[in-house]
Amino acid sequence: RMANQEGVAAARIRFAADITVDGSAVLPIPKFAGIIDGGGHKINGLNLGHWNLSGGQGLVCELNGQIKDLEISGVNVPHVERTGVFAGTVNKGIIENCKLSGTVSSGTASAPSKEFGGIAHTVGSGSIIRNCGVTAEIVLNASGSDEAVVGGIAYSNQGSIENSYFTGNILYQILHIATLPLRTFLFQYK
């Protein structure tokens, strides 16, 4: 289980098998500058714990390294605030040959804005998302007067998204009656 490895600067993590998470919350890695090599394996049933860092939230909050060859299937995100499943912010890093599948479901906690990207929340300048796909059904549960902005691959892109696709669905469920705007957009990929 990967959990709160503050200060991991140049580690290499390689998956030897698929991982099924037992339902307990997995705390994200705050900052990571090494390599996470999925080896073609899958994480099933990821339950992302809430970590309020400036880099956003995801499996890695701020990625300065690389995530490759990994699939994540079935994700629960209790608090959708600046969230990308693989990385909150990709900061001069690379995510490649990765896939998000199954259902991604948010909790019912209200936030001023629900900003979500399937692979990453923010792709910073000099960063790359390459050969990645999202086939997941993304379900955002809303309460209060939340606004949701969803990007199939990324919420915000100042870097490069190459040969990547979104073929999933985005659903916004209103748990309490309110007027809730939903703006959905996809980037034009290079």
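# A walk from the core to the sheets

In this predicted model, the largest nonpolar core is made up of 45 residues, and the ones with the most contacts inside it are Ile72, Phe86 and Ile95. Strand S6, which covers residues 66–77, gives this core its largest share, namely five residues. As a general background, nonpolar side chains in soluble globular proteins tend to be buried together.

Isoleucine 95 is a useful place to begin. Setting aside residues up to four places away in sequence, isoleucine 95 touches Leu63, Ile67, Phe86, Ala87, Val90, Ile119, Ile128, Ile129, Arg130 and Cys132. One of these partners, Cys132, leads on to the cysteines. Cysteine 132 is buried, with a relative accessible area of 0%, and cysteine 61 likewise counts as buried at 0% relative accessibility. The cysteine sulfur closest to that of cysteine 132 belongs to cysteine 98, but because the two sulfurs are 4.8 Å apart, they are too far from each other for a bond. A search of the whole structure, in turn, finds zero disulfides.

Ile72 offers a second way outward from the core, since it appears in the surroundings of serine 101. Serine 101 is found in strand S10, residues 99–106, and it counts as buried because its relative accessible area of 9% is under 20%. Apart from its neighbours within four places in sequence, serine 101 is in contact with Glu71, Ile72, Ser73, Gly74, Thr135 and Ala136. With serine 73 the link is also a polar one, as a contact of 3.3 Å joins the two side chains.

Ser73 and Gly74 come up again around glycine 45, which has its place in strand S4, residues 35–47. Once neighbours within four places in sequence are left aside, glycine 45 is in contact with Val21, Ser73 and Gly74. Glycine 45 is partly exposed, with a relative accessible area of 32%. Although 23 residues separate glycine 45 from aspartate 22 in sequence, their C-alpha atoms are 7.4 Å apart in space.

Another serine, serine 164, lies in the loop between strand S18 (160–162) and strand S19 (165–166), and serine 164 is buried, with a relative accessible area of 8%. A polar atom of its side chain lies 3.0 Å from the backbone oxygen of glutamate 162, and a polar atom of that side chain also lies 3.5 Å from the backbone nitrogen of asparagine 131.

The strands can now be followed into a sheet. Five strands, in the order S3-S5-S8-S12-S17, form an open sheet with parallel pairing. At its edges are strand S3 (29–32) and strand S17 (154–157), each of which pairs on one side only, and the twist from one strand to the next averages 10°. At the S17 edge, strand S12 (residues 120–123) pairs with S17 in the parallel sense over three bridges, and threonine 122 has serine 156 as its bridge partner in S17.

A further parallel pair is formed by strand S11 (residues 114–117) and S16, which are joined by four bridges. Within this pair, glycine 117 has glycine 151 of S16 as its bridge partner. In a regular strand, side chains alternate between the two faces of the sheet. Strand S16 (residues 148–151) has Ala148 and Val150 pointing one way and Val149 and Gly151 pointing the other way, and all of these residues are buried.

Methods. Residues numbered from 1 in each chain as written. Predicted model: local features only at pLDDT ≥ 70, side-chain atom pairs only at ≥ 80, totals over all residues. Heavy atoms only, no water. Helix = DSSP H or I, 4+ residues; strand = E, 2+ residues; numbered from the N terminus. Buried < 20%, exposed > 50% of the residue type's maximum accessible area, 1.4 Å probe, protein only. Polar contact = N/O pair within 3.5 Å; in protein donor to acceptor, adjacent residues only side chain to side chain. Contact = heavy atoms within 4.5 Å. Core = buried A, V, L, I, M, F, W, Y, C linked by side-chain atoms within 4.5 Å. Disulfide = S-S within 2.5 Å. Pairing = 2+ DSSP bridges. Axes fitted to C-alpha atoms, helices over the stretch in contact; angles between N-to-C directions.
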